[in-house]
Amino acid sequence: MTALFQELAGLWRLRTLLRALTWREVHARYQGSAAGVAWAYVQPLLTVAAYYLVFDIVFGMRLAQGAPTGRVGTYLIVGSLPWMAFCDAVGRGTSSMLDAGSLLQKNALPPALFPLRTVAASALVYGPLLLLLVLAYAPLHRFAPALVAAVPLLALMGLVTALLAWLLAIMAAALRDVVQAVGFVLAIGIFLSPVLFPMALFPVAWRWVLWCNPMTPVILGLQSLLLQGAWPPAAVWLALLAWIAALACVLSLLVARSREQLVDWL
Amino acid sequence: MSAHAAGALVPAGDPVVLRVAELGKEYRLYASPRERFRALFTRRALHRSHWALNGVSFELRRGQCLGVIGDNGAGKSTLLKLLTGTIQPSTGSVWHAGRVTAILELGAGFHPEFSGRDNLYFGGSLIGIGHEEMARLEPGIAEFSELGEALQRPVKTYSSGMTVRLAFALVTAVQPDVLIIDEALAVGDQHFQKKCVERIMAFRENGCTILFCSHSFYHVRRLCDSTLWLRDGELAMQGATEQVVSAYEVYARSRDVSAEALEQPIEVPAAHAGAFTPRLGARIVAMSIDETDGADPPLLLGRNLRVRVTARLEGSDEVPQVLVMLEQFQGHGIATDSTRADGARPQRLPNGDWQVVLTYPDLPLHSGEYVLSAYLFDAAGVVVYDEWYQHARFRYVNPQLTPGLVRLPHYWGER
């Protein structure tokens, strides 16, 4: 674990640079387009709006008994917005070190800056949207006090995402195939989560598979908060902490193993 | 500015600014990326080791200038990258005091879509110059890089020279404590190159320590107090520049003799790719040998070899330095002589051109075919303005028919 803490201490000293890199990342994604950074916010907002219009207004689809809410659109939105954020951060994060290869080979910078700035850039886009989502659902539960749990929940989601993106970025530096594999896993990962179907609809024997997705506890937590106005169950917090501990252990190992050679691999 | 003759060290009282101890870099070569991936998780993955650098130790004191020479692949670039911290050492350590600036590959990290100014601020943050400090430095950088209005345009609209100018102005905006230069005396056009050299020289005058990696022995000899020779990743020799460079030249020659015939010209100042950029403003306009006939190659008629080199420096009153090199045609180098080394001053011609006349009296060469090259330098003898490499050929017939290359001054008996 010392390897990881050493890295983190180094990164903390470079926090101003991390901020500059994050701003640049957000702007660079849309540099040259007329609407600029607005695109980053418009795309997920329109997707969410489409879910609501199609499922709740036009078709008025209903979920089966046992779901946390009856309305399909309302249900889908709560899971899909954090899932989009997760895919954006992890997908871009995985290739972030490789993309920054030439920069890293010519500047004395810790490689971890790049997955972290990618995750931070995604957080800058999706963080406000997720908070907006919480505010939009709050009136349904008469602003229940449990809604404040959204803040630590989203913070832990950010931590899991950052650790995972960092880990995958190191793996991608060693083996380029990781980038392709991650893209594929993110595409099918939505089916291994309660984003599309409530947990209750999954066969009991197969529910454990869902917990292999680090986003499952986050989505379950948000669903209980936003759809029922209830505190997330203890299992959510425990699963998140377990994921963080596991990721930190593996990451620490990889950081220690790769530190000396990482830049040579890019 | 003058090279230290012996010992080559700045007085021991100056503080150490760079300390390298037992530095080594191992590159692990895996049979496939899969093996490399496996190595992340298990200790059983197989790899071959390549030590690009091994057991290198040295210290640099404030104000010293160290040259680094060696063959390609000897570990020079690895050493420089380790010193700048872009790659991590496998063994040993690098310690430095204060700011280290590297002029290695300029312009890396510039984003083509952003304006020069945006890139300036971003590039500054990469090398530890914060926003406020950059705001203070910006006018100076804009002036030095001579970009003017272009600073507001996206970098993708820049010429390569403009990008490099901006990058050089950025990295040298703050005086470093240690400056690492990798063959970077070639930046942009000649006019800017001169400015760059002047800035580096000014740093040096102010006590900046310089580590200079170059294939140009002319420049290493001219600039470095001491020199370090790397061979196969290890320190082959370290000490006073002249000793080390000449030892390396002997080594390089002995190695080349077996490889290719006996062709061994004198090392050419900065003549390798990129190190000199012709500019219309400063150039050699004529080079001639007196007293020759009209044959091809011309025959030297007299006993004296007199070479005239005429140079033109437009829009400047700078007094240039000229170096003339004499070689056997397709053979050994024989002599190089420069106005700077001999303290000679070129003559100003009425039209503003500069002319040097170099005479080798009673030419002590044996009969054969020879060739002359001329180099035009700035006043400090650092920037190569122009080169006429192996330009003037001539034949020479020495009436004394003895074998050999030169007639050395000699006498018989004790005197």
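**View 1. The largest nonpolar core of the predicted model.** The largest nonpolar core (a set of buried Ala, Val, Leu, Ile, Met, Phe, Trp, Tyr and Cys residues joined through C-beta atoms within 7 Å) has 143 residues, and those with the most contacts inside it are A:W166, A:L168 and B:F212. Helix α7 (residues 150–174) of chain A supplies the largest share of this core, 18 residues. A residue is buried if 20 or more other C-beta atoms lie within 10 Å of its own, with C-beta atoms placed from the backbone. This is a predicted model, in which local features need pLDDT of at least 70 and side-chain atom pairs count only at pLDDT 80 or more, whereas totals for chains, interfaces and linings use all residues. Residues are numbered from 1 along each chain as its sequence is written, and chains are lettered from A and ligands numbered from 1 in the order in which they are written.

**View 2. Surroundings of A:L168.** Leaving aside neighbours within four places in sequence, A:L168 is in contact (C-beta atoms within 7 Å) with A:V90, A:G93, A:T94, A:V178 and A:V182.

**View 3. An open sheet of three strands in chain B.** The strand order is β2-β1-β4, with antiparallel pairing, where two strands pair if DSSP finds at least two bridges between them. β1 (residues 16–30) and β2 of chain B pair over 11 bridges, and B:Y27 stands opposite B:H50 in β2(B). Because β2 (47–61) and β4 (91–96) of chain B each have a single partner strand, one side of each is left without a neighbour in the sheet.

Notes: A residue is buried if 20 or more other C-beta atoms lie within 10 Å of its own, exposed if 12 or fewer, and partly exposed in between; C-beta atoms are placed from the backbone. Helices (H or I, at least four residues) and strands (E, at least two) are DSSP runs, numbered from the N terminus. Two residues are in contact if their C-beta atoms, placed from the backbone, lie within 7 Å.
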